[in-house]
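The following exercises ask the reader to work from a set of coordinates to local and overall features. Each task is followed by a solution in steps.

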Amino acid sequence: MASPRRCQSLLLALAMACCLQGTQGLWPKPEAVTKGSRTLYASILKSTPLGIGDKDDVISDGFAYALEVEALEEEAEAGQQELRKERRHKRCHVIRTVEVSVTSSDQSLTLETRESYSLSIEAGAIQIQANSVFGALRAMESLAQLVRRRMVEEVERAASGFSAGSEVQEGFVPEEAMWADSGSKSGKATGTGATEPEKPPHATVLLVDEVDIYDAPRFRYRGLLIDTARHFLPISVIKEHLDAMAMVKMNCLHWHLTDDESFPWLSEELPELAGKGAFAPEAVYTSKDIREVVEYARFRGIRVIPELDMPGHTQSWGKAYPGLLTQCFDTDTVEPTGRLGPINPARNETFGFIWRLLREVARTFPDPYIHLGGDEVDHVCWKSNPEVQEFMQQHDFASVAKLEAFFMAQVVRLASTAGKAAIVWQEAFDQGVPLPPYTRVQVWKWWKEQGQETKPEAESSSGSTGGGAAISMRGRAAAGGGMAAARRRALLEHPQGRCDPGFGCENAAGDDDAWKAELQAVTGHGYDAILSAPWYLNLGSYAGQEWQRYYAVDPTDFQGTTEQKDRVLGGTACAWGEFIDAVNSVNRVWPRAAAVSERLWSPADATNVDEAAARLADLRCRMLSRGIAAQSTGPGFCPGELTTRM
């Protein structure tokens, strides 16, 4: 019989054969970890009772997913075995149950959802305590990352003296701790005609260390932006992103649904938008597709927030409804040029059209927020169009910035009437749009523009006085000149930190200062902020170590009061789709986006890049083992490289 000390030494040695042992491989890094001294068998069978009272679909599905991850990462199928009537090694500790306790039965997923949890792994049972079912899901993901899978033969050979040539000591692993191959036999005949349980071929065992973890996110909003307008992404690719997001505890999918290039949403009320605006008839998302994505995300604790960017980035809308957009005129001949600009704000029917669209968005997407865009509006057509100029004179708008503010204010009001609060890009704030106090402002500009000035301190529409100056964008890109719509594409050639003055940017020395000043201004005026500026995943070299720069960012690193810094909800890593399509989307984003997820989840003092590099490489291997085609972070080897393809 193996002594408890002998059992523990063998299991510990085998557990350390993993890339990173136990809690050393967790991503994102938990808030507090207390390690035990023992390594345990995890006999977590499909019949495991969950201590959650009434049946809970989110937790049950989450447990099934964690179970699948633990048992099937290397394509083995879990199977419950008959217990031996006489076990020779009862003193090797086995975990037989998972007990989940959730204090709230509410399954709604909002910004206020509490995701904290405690996870206790000890002999006999794994205990999970959480305030919400989604906190329990985060605990299950941590559990899935803690478990290591080993071949039973490997364990039993180790029990025989750690020698490859030693006789295998069969029976060292309790039968109840084994996971069987799907083709295993149930037993072998004995001389009395009875059947004795037989170790299945290719059987495996799960090992896990004793540990107590308390964990909670530092920021409530941890997002990833995907762009399905520059390139259509199939539902399967979106789900792969959601799986990766769940692994690293991200909770918001920002779905940039439409743009100049295409309108892939097949609206039931306005089907011609996709009929003429999509890349192809098959490159569309139906209401059924969207419901499928939303439900898939919910079972992973992820909100889905759609973006309909307006009034710019709407050329695809004009393919079906050209009258919706502003006609551009030659300023010399006062004749139409044939080019269409942003949405025309001078027509009442414009807002009737937008109301129909927003009303359907409210029915289709359950999240309380919708992103309304408001960025990169080319003012040239508005300035040249006689109808728009007459409208501006009638309303005493001294500048097109005032006209843009009028448009965005109307759209935000319509969204509110449809039951949705608004998220907007920072330009809406910069232009002085009277935003309701519950509006979120997304900060995306990492550079200073030529002529960038500050607004005088003024009382905000949310009723508070700014503690810092808002940014007034007056560079060529903001003023028009044909530059605005192409700016983001042009900046692809000028990675963050090397902004070309020819594109309206000053030198890199003040790049960080730009988004820090914007956060100071936005929060100083009483608005909640979402940071994206330092986290553009589509920029830079594929072979670089940009994740280290993402990892070094602290969203609260700006001058402001404690109250202002509390208004930073978190951030979003952006994967704009100019050069990202279904073929390279997952590979381009992961695992680099995980650096952003840890910055937004883990404590502020989790800043050791060297330590994070080893964990990130380990995470990438785990992603491959789950079928997520994550890009390499450097030289090395993962078994999943042999089976996972882009």
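The exercises below proceed from the whole chain to single residues and their pairings.

The model is predicted, so local features need pLDDT of at least 70 and side-chain atom pairs count only at pLDDT 80 or more, whereas totals for chains, interfaces and linings use all residues. Residues are numbered from 1 along each chain as its sequence is written, and side-chain values use heavy atoms, with hydrogens and water left out.

**Exercise 1. Overall description**

Determine how many helices and strands the protein has, and what share of its residues is buried.

Solution.
Step 1. Assign secondary structure from DSSP runs, taking helices as H or I over at least four residues and strands as E over at least two, numbered from the N terminus. The result is 20 helices and 21 strands.
Step 2. Classify residues by relative accessible area: buried is under 20%, exposed is over 50%, and partly exposed lies in between (1.4 Å probe, protein chains only). Of the 646 residues, 58% are buried.
Step 3. Compute the accessible surface by the Shrake-Rupley method with a 1.4 Å probe; for residues, only the protein chains shown count as cover. The protein exposes about 25,500 Å², and carbon and sulfur atoms supply 50% of this area.
Step 4. Count contacts, defined as heavy atoms within 4.5 Å. Among contacts with a separation of 6 or more, 78% are between residues 24 or more positions apart.

**Exercise 2. Backbone geometry**

Locate the cis peptide bonds that precede Pro28 and Pro311, and examine phi at Lys249.

Solution.
Step 1. Trp27 and Pro28 are joined by a cis peptide bond with omega about 0 degrees. Pro28 is placed in the loop between α1 (4-15) and β1 (32-42).
Step 2. The bond from Met310 to Pro311 is also cis, with omega near 5 degrees. Pro311 belongs to the loop between β12 (303-310) and β13 (325-329).
Step 3. Lys249, a residue other than glycine, has a positive phi near 65 degrees. It is found in the loop between α5 (235-247) and β11 (252-258). Lys249 counts as buried because its relative accessibility is 1%.

**Exercise 3. The annotated residue**

Which residue does the UniProt annotation "active site" cover, and with which side chain does it make a polar contact?

Solution.
Step 1. The annotation, from an unreviewed entry, covers Glu376. UniProt positions are given in the numbering used here, feature names are shortened, and annotations may be inferred rather than shown by experiment.
Step 2. Glu376 lies in the loop between β15 (369-373) and α9 (380-384). Its relative accessibility is 4%, so Glu376 counts as buried.
Step 3. The side chain of Glu376 makes a polar contact with that of His313 at 2.7 Å. A polar contact is a pair of N or O atoms within 3.5 Å; within protein, one must be able to donate a hydrogen and the other to accept it, and residues adjacent in sequence count only if both atoms are side-chain atoms.
Step 4. His313 is found in the loop between β12 and β13. Its phi is positive, near 55 degrees, in a residue other than glycine. At 4% relative accessibility, His313 is also buried.

**Exercise 4. Salt bridges**

Find where the salt-bridge partners of Arg38, Arg230 and Arg363 lie along the chain.

Solution.
Step 1. Side chains of opposite charge can pair when their charged atoms come close. A salt bridge here is a side-chain nitrogen of Lys or Arg within 4 Å of a carboxyl oxygen of Asp or Glu. The structure holds 29 of them.
Step 2. Arg38 and Glu210 meet at 2.6 Å, N to O. Arg38 is in strand β1 and Glu210 in strand β9 (residues 204-215), 172 residues apart. Arg38 is partly exposed at 27% relative accessibility, whereas Glu210 is buried at 12%.
Step 3. Arg230 pairs with Asp259, the closest N and O atoms being 3.4 Å apart. Arg230 lies in the loop between β10 (221-227) and α5, and Asp259 in the loop between β11 and α6 (272-277), so the pair ties together parts 29 residues apart in sequence. Both Arg230 and Asp259 are buried.
Step 4. Arg363 and Glu269 form a salt bridge at 3.6 Å, N to O. Arg363 lies in helix α8 (residues 348-364) and Glu269 in the loop between β11 and α6, so parts 94 residues apart in sequence are tied together.
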